[in-house]
Amino acid sequence: MPEGTATTDEKKISVTDSAARRIKELTAKEGNAALMMRVTVNGGGCSGFTYNFDLDDKTGEDDRVFENAGAKVVVDDTSLDFLKGAELNYIEDLIGSYFAFQNPNAASTCGCGTSFSI
């Protein structure tokens, strides 16, 4: 499947303008124009699953790439099953700055927002 393409509308995530700006800042700081934000979902955390964020410059066959304003987010198919329909945002408030998901698949989340249950 071509980069940036999802199989159906429900098999995709959206990236807010705020998240796109922050991703572009992070990748520019690294000096590698090919870098993307890789999001994975792993077992663990206080609610069962955790979101993990890394920078990556490669994609695999099971990856899907989503883009906003030139900022790219890559998600593997397995993680996408937990994230379909979610929105990635970057939040700046009094307690700090962080990436966060508005995830319609999560039945509950922990207080810090980094783990969730289905």
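User: Two strands pair if DSSP finds at least two bridges between them, where strands (E, at least two residues) and helices (H or I, at least four) are DSSP runs numbered from the N terminus. This is a predicted model, in which local features need pLDDT of at least 70 and side-chain atom pairs count only at pLDDT 80 or more, while totals for chains, interfaces and linings use all residues. Residues are numbered from 1 along each chain as its sequence is written, and side-chain values use heavy atoms, with hydrogens and water left out. In what order do the three strands of the open sheet stand?

Analyst: The pairing in this open sheet of three strands is mixed. Strands E1 (14-15) and E7 (96-102) each have a single partner strand, so each is an edge with one side left without a neighbour in the sheet. The order is E1-E6-E7.

User: Which residue of E6 is the bridge partner of valine 15?

Analyst: E1 and E6 (residues 87-93) run parallel and are joined by two bridges. Valine 15 has its bridge partner in E6, and that partner is leucine 88.

User: At what angle to E6 does helix H1 run?

Analyst: Helix H1 covers residues 17-30 and lies across E1, E6 and E7. Axes are lines fitted to C-alpha atoms, for helices over the stretch in contact, and the angle between N-to-C directions can run from 0 to 180 degrees. Against E6, the angle of H1 is about 80 degrees.

User: Is threonine 27 buried or exposed?

Analyst: Threonine 27 lies in helix H1. With neighbours within four places in sequence left aside, threonine 27 is in contact (heavy atoms within 4.5 Å) with Asn32, Leu35, Met36 and Leu55. Buried means under 20% relative accessible area, exposed over 50%, and partly exposed in between (1.4 Å probe, protein chains only). The relative accessibility of threonine 27 is 12%, so threonine 27 counts as buried.

User: What distance separates the C-alpha atoms of glutamine 102 and glutamate 87?

Analyst: Glutamine 102 belongs to strand E7 and, at 59% relative accessibility, counts as exposed. Not counting residues up to four places away in sequence, glutamine 102 touches Ala86 and Glu87. Glutamine 102 and glutamate 87 are 15 residues apart along the chain, and their C-alpha atoms are separated by 5.1 Å.

User: How far apart are the closest N and O atoms in the salt bridge of glutamate 25 with arginine 22?

Analyst: Side chains of opposite charge can pair when their charged atoms come close. The rule for a salt bridge is a side-chain nitrogen of Lys or Arg within 4 Å of a carboxyl oxygen of Asp or Glu, and it gives five salt bridges here. Glutamate 25 and arginine 22 are three residues apart in helix H1, so about one helical turn separates them, and glutamate 25 is partly exposed at 43%. Their closest N and O atoms are separated by 3.0 Å.

User: Which residues are linked in a network of salt bridges?

Analyst: One salt bridge joins the side chains of aspartate 63 and arginine 38, at 2.8 Å from N to O. This pair links distant parts of the chain, with aspartate 63 in strand E4 (residues 63-68) and arginine 38 in strand E2 (residues 36-44), 25 residues apart. Both aspartate 63 and arginine 38 are buried. The network consists of Arg38, Asp56 and Asp63.

User: What is the N to O distance in the salt bridge between aspartate 77 and arginine 64?

Analyst: Aspartate 77 is in helix H2 (residues 77-83) and arginine 64 in strand E4, 13 residues apart, and the pair links distant parts of the chain. Aspartate 77 is partly exposed at 23% relative accessible area, whereas arginine 64 is buried at 12%. The N to O distance between their side chains is 3.4 Å.

User: What pattern does the protein chain follow along the sequence?

Analyst: The protein chain has two helices and nine strands. Among its contacts with a separation of 6 or more, 53% are between residues 24 or more positions apart. Buried residues make up 37% of its 118 residues. Along the sequence, the pattern reads β-α-β-β-β-β-α-β-β-β-β.

User: In which strand of the protein chain is confidence highest?

Analyst: The pLDDT, which is the predictor's confidence in each residue from 0 to 100, averages 83 over the protein chain, with 79% of the residues at 70 or above. Over residues 1-8 it stays under 50, and the model has 12 contacts beyond four places in sequence for this stretch. The lowest mean, 47, belongs to strand E9 (residues 115-117), and the highest, 97 over residues 71-76, to strand E5.
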